[in-house]
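Subject: Structure handover

Hello,

Here is the structure we talked about. Please open it and keep it beside this email while you read.

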Amino acid sequence: MEKEIRKQPRRSMWIAAMGVVMLLLAAAAAMLVLNRYTLSIRLRGDAEITVEYGESYVDPGAELYLADAFFWKEGIRPRDGAVNTYSNVRQNKLGKYTVIYSAEYRGMRAEGSRTVRIVDTQPPQIILTPDPEGTLLPGTPYEEAGFQAVDNYDGDITHRVKRIEEYGKIIYSVTDSSGNPCYAERIVPYYDPVPPEIILEGGAQISITAGTVFEDPGYAALDNVDGDLTQQVAVTGEVDWLTPGTYVLTYQVSDGFQNKTSVTRTVEVIAKEQQQTVTPEGKVIYLTFDDGPGPYTEQLLDILDDYGVKATFFVTDSGYDDVMKQIVEQGHSIGIHTVSHNYREIYSSPEAYFEDLYRMQEIIYENTGVMTTLMRFPGGSSNTISSKTYEGLMTILTKAVQDAGFQYFDWNVDSNDAGGAKKPEQILENVKQGVMQCRVSVVLQHDIHAYSVEAVEDIIIWGLNNGYSFQALTSTSPAVHHNVYN
Ligand code: ZN
């Protein structure tokens, strides 16, 4: 009995526990069965749609789906179900809208939504009223011909247009309420019938002496609208300052309205008239001394003076300025040799040669008051050393210096005092030999050599005893010219 009693509660506890489990299982099963179906709304198209203002919005709609947890997990479209659409989209107003989709089906509910934006990305337009026929003279204020700004959404926004007036140009700008900008530009119809003016300094006709490097005296270009156009002037044409002739330079410029101006300048390169050569009577010796004055020149002047003989000195810028003056004062001829006697420098170009030539002429003038046109090329016109620095230079220079009014003298008797003859007796002999072959002799000596100066007295005595007269070169003296090899 006691056993029975003790057994009873144990069994009932077990049954009770089982019952609880069963109940829970049943509840779970019931839950599963009750929630077996799910209802949902699927949108056709995107969940967010942007529509340009002015284009029509047609809602793509949505579909109702029923899914079974056991069988059709992907869901089916129940034929007897319908989706209700609620839309507040206003196509004529920019903004963000929501379309709500909802459905009820056999006691179940489903909902979905979509965002629709109505936007304006189209910029406004600025319409400019054309300017009336005719044009404005520069300086006249421009009168606005009118403009209008229209936007597809904002409508007339003319009052919002910003207008900036710069010279000759007006810029209009406006932005619509969506921030889309627009610009327009108007060229003010200025009228400029007046071409620029070119002023030639020194005039339209210029003449220069051959051998004078031509430098444009300058010019200016002025325009009634654009102002100073000097920098834009194009100059064409060239002046060959070495060759006598007529040269034309053209100066051209245009203003901003394409008015062109072209003027010309005529440059006449004039050759100086050559002196007529006069052949002296009888037998004549022209003693010439190059490269001085130097330390022996005064001694030489004394010798010449003793015999009343006149000679010619082709001088350099040697620093013996007083002696240079003395040469002239004692009645001798003075001629240009060179400033530097540097072949590489003076024969580097016609410009360089003429620069040296004129400088030496100026130095002589400053020291003696004589503006001499007599000259002798360093190395003579037959020199070939100049071909190392400038091909054909002597051919150019021998003609150019004469066109420039100079008389150049070479020599037909060489004492050879710059070469092998280092003794007065030898120099005398060389001069005698040379002179005897010519009726008119131009003798080359250098008064920077003592031995050459020492030979002079004997040369004079010999010459006088043999019926020669000694003369100084002048611009009409017979020009002894060498052959030109460069
Ligand atoms: Zn010399």
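The domain bounds I use here come from an automatic or database domain assignment. Keep in mind that this is a predicted model.

**Domains**

The chain has been split into four parts. Domain 1 covers 38–119, and domain 2 covers 125–187. Then come domain 3 at 197–270 and domain 4 at 283–470. Take domain 1 and domain 3 as a pair: their C-alpha centres are 84 Å apart.

**Salt bridges**

Searching the whole structure turns up 19 salt bridges. Here are some of them.

Start with Arg36 and Asp68. They form a salt bridge, and 2.9 Å separates the closest N and O atoms. Arg36 sits in the loop between helix H1 (2–34) and strand E1 (37–43), while Asp68 belongs to strand E3 (residues 62–68), so this bridge ties together parts that lie 32 residues apart in sequence. Are the two residues buried or exposed? Both Arg36 and Asp68 are buried.

Next, look at Glu48 and Arg117. Their side chains meet in a salt bridge, at 2.8 Å from N to O. This pair links distant parts of the chain. Glu48 is in strand E2 (residues 48–52) and Arg117 is in strand E6 (residues 108–119), 69 residues apart. Why does Arg117 count as partly exposed? Its relative accessibility is 28%, and partly exposed residues fall between the 20% and 50% cut-offs.

Now find Asp59 and Arg114. Their side chains also meet in a salt bridge, here at 3.7 Å from N to O. Asp59 lies in the loop between E2 and E3, and Arg114 lies in strand E6, so the bridge connects parts 55 residues apart in sequence. Asp59 has a relative accessible area of 27%, so it is partly exposed. Arg114 has 0%, so it is buried.

There is also a network. Asp131, Glu144, Arg163, Glu165 and Arg186 are joined into one by salt bridges that share partners.

**A β-α-β unit**

Move on to strand E21 (residues 312–316) and strand E22. They pair in the parallel sense, over five bridges. Which residue stands opposite Ile334 in E22? Phe313 does.

How much of E22 is covered? Strand E22 (residues 333–338) is mostly covered, with six of its six residues buried. Helix H3 (residues 321–329) completes the picture: E21, H3 and E22 make a right-handed β-α-β unit.

Best wishes

Conventions:
Residues are numbered from 1 along each chain as its sequence is written. This is a predicted model: local features need pLDDT of at least 70, side-chain atom pairs count only at pLDDT 80 or more; totals for chains, interfaces and linings use all residues. Side-chain values use heavy atoms; hydrogens and water are left out. A salt bridge is a side-chain nitrogen of Lys or Arg within 4 Å of a carboxyl oxygen of Asp or Glu. Helices (H or I, at least four residues) and strands (E, at least two) are DSSP runs, numbered from the N terminus. Buried means under 20% relative accessible area, exposed over 50%, partly exposed in between (1.4 Å probe, protein chains only). Two strands pair if DSSP finds at least two bridges between them. A crossover is right-handed if, with the strands pointing away from the viewer, the path from the first strand over the helix to the second runs clockwise.
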